[in-house]
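Subject: Handover of a structure and notes on what was found

Dear colleague,

Please find below the structure that I am handing over to you. My notes on it follow directly after.

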Amino acid sequence: MANGSKQIVDFAKIKATMADPYKHPVQVINGDGKVVDPDTLAKYSDDQLVDFMKKMVWERTLHEQTMNFSRQGRLGFYAPTAGEEASEMGSVTAFKEQDFLLPAYRDLPQMIQHGTTVAKGFLWSKGHVQGNQYENPNMLFPQIIIGAQYAETAGVALGIKKNGDKDRVAFVYTGDGGTSQGDWYEGINFTSAYQAPAVFFVQNNGWAISVPRKKQTGAETLAQKAVAMGVPSVQVDGMDIVAVHEVAKAARDFAVAGNGPVVIETLTYRYGAHSSAGDDPSRYRTKEEEKPWFDADPLIRMRKVLTDKGVWSQDQEDKLVEQYKDEFKDAMKEAEAAPAQKVSDFLKWTYNVPTPAVKKQIAEFEAKESK
């Protein structure tokens with residue numbers, strides 16, 4: 001039998017091309033503030049675009065003021081969000097009040113926009129139980145375990161489907177590091193198998209603490225990972241709030257229509273440290289790497305578009321910043337006025353019916369707390 005020279009499968013070609021559909025991020029406003037998709041931008045009124053800008057200024061100011069509070073020792077854990085304003089505000093504004101949000105620890109801004117308060121966000125950071133009591137019941141508290149919220153989303157989305165809710169989805173966030181977790185795959189796969197309504201966001205900010213995106217996986221894009229689970233996915237410029245909003249809105253419409261879940265990878269960047277716990281980004285990344293992302297700042301590019309339209313000014317922005325700062329200071333005062341937590345209460349909440357040993361502990365701590 002003759003030896004054929006042609007291979008039955010060209011694996012090299014498959015590997016070289018399998019990421020091709022996902023390497024063209026959706027974009028409306030590029031890094032220079034130039035509109036590259038005028039037809040999509042035309043869908044939005046000047047008032048809507050100004051509202052997008054206000055929300056990003058709000059989040060950037062929240063980040064800066066929260067970092068100040070953290071340095072003053074007035075907060076506990078906090079995950080900085082500077083650089084991710086377009087990804088977070090563009091996405092959360094595409095959803096409705098009845099949609100169920102499953103946040104990670106960097107998603108306090110989305111939670112506040114979805115129906116809790118800044119004061120509750122501060123209380124969560126301080127480890128106070130009231131920080132988990134939301135005005136809008138359609139969300140869980142931030143998940144600390146990396147990627148675990150994706151598994152939780154599968155259950156919520158299936159519940160929505162079984163309840164017959166026709167205009168409701170679950171939506172969830174994780175970072176690039178979360179896509180390396182088993183929960184990420186399991187949650188998406190389960191949701192896909194049952195064609196449940198969910199939108200999965202991956203905020204690819206380049207770093208899982210000090211581990212760069214390129215060392216986490218051999219996949220060229222994170223979006224393409226969804227294909228293995230039969231889920232449509234896309235990359236979007238996560239520094240472009242209009243593009244993020246437009247893609248998120250389309251994903252919600254797709255999921256609500258009964259087509260199953262969607263995965264969206266937003267290409268963004270974490271400007272500061274991973275958390276207020278004190279990691280130093282200068283130890284694991286360079287100024288040369290950071291510069292293009294700072295140049296593509298979501299506020300800078302949107303500011304240019306609105307200024308060119310004559311509907312935004314630096315004076316207007318400065319006044320907003322001062323207004324937001326005052327609001328956040330008031331929120332901190334409200335948080336700090338919350339009643340001190342008691343060990344006896346924690347013990348009472350441990351069991352529906354306390355065991356004899358726990359009853360004894362409750363009595364002991366109540367005696368100490370009453371002094």
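I begin with a single residue: E246 is buried, with a relative accessible area of 16%. Please bear in mind throughout that this is a predicted model. The partner of E246 is K249, with which E246 forms a salt bridge whose closest N and O atoms are 3.8 Å apart. Both residues belong to helix α9 (residues 241-259), and because they stand three residues apart there, about one helical turn separates them. Unlike the buried E246, K249 is partly exposed, at a relative accessible area of 31%.

A second pair is found in helix α10 (residues 287-295), where E290 and K287 are likewise three residues apart and so separated by about one helical turn. Their side chains meet in a salt bridge at 4.0 Å, N to O. With a relative accessibility of 8%, E290 counts as buried, whereas K287 is exposed, its relative accessible area being 64%.

The structure holds 23 salt bridges. As general background, side chains of opposite charge can pair when their charged atoms come close. One salt bridge joins R74 to E336, with the closest N and O atoms 2.9 Å apart. R74 lies in the loop between α3 (46-71) and α4 (85-92), while E336 is in helix α12 (residues 314-336), so this pair ties together parts that are 262 residues apart in sequence. R74 is partly exposed, at a relative accessible area of 25%, and E336 is also partly exposed, at 36%. In addition, K96, D99, D167 and R252 are linked in a network of salt bridges.

I turn next to the packing of helices. The axes of α3 and α12 are 9 Å apart, and the two helices pack at an angle of about 50°; they are therefore oblique to each other. Their crossing is right-handed. On the α3 side, the residues in contact are V50, M53, K54, V57, W58, T61, L62, Q65 and F69, and these meet Q316, E317, L320, V321, Y324, K325, F328, K329 and M332 in α12. Sorted by class, this contact of α3 with α12 has eleven nonpolar, three polar and four charged residues.

Another packed pair consists of helix α13 (residues 343-350) and helix α14 (residues 356-369), whose axes are 8 Å apart at an angle of about 160°. That angle makes α13 roughly antiparallel to α14. The crossing of α13 past α14 is left-handed. From α13, V343, S344, L347 and K348 take part, meeting V358, Q361, I362, F365, E366 and E369 of α14. By class, the contact of α13 with α14 has five nonpolar, two polar and three charged residues.

Finally, I would draw your attention to L123, which is found in helix α6 (residues 118-125). L123 is buried, with a relative accessible area of 4%. Which residues does L123 contact, leaving aside its neighbours within four places in sequence? They are H128, Q130, G131, A335 and A338. By way of a distance, the C-alpha atoms of L123 and K15 are separated by 48 Å, and these two residues are 108 residues apart along the chain.

With kind regards

Conventions
Residues are numbered from 1 along each chain as its sequence is written. This is a predicted model: local features need pLDDT of at least 70, side-chain atom pairs count only at pLDDT 80 or more; totals for chains, interfaces and linings use all residues. Side-chain values use heavy atoms; hydrogens and water are left out. Axes are lines fitted to C-alpha atoms, for helices over the stretch in contact, and angles run from 0 to 180 degrees between N-to-C directions. Helices (H or I, at least four residues) and strands (E, at least two) are DSSP runs, numbered from the N terminus. Angles under 35 degrees count as roughly parallel, over 145 as roughly antiparallel, 65 to 115 as roughly perpendicular and the rest as oblique. A crossing is left-handed if the near helix is turned anticlockwise from the far one by less than a right angle, and right-handed if clockwise. Contact means heavy atoms within 4.5 Å. Ala, Val, Leu, Ile, Met, Phe, Trp, Tyr, Cys and Pro count as nonpolar, Asp, Glu, Lys and Arg as charged, and the others, Gly among them, as polar. Buried means under 20% relative accessible area, exposed over 50%, partly exposed in between (1.4 Å probe, protein chains only).
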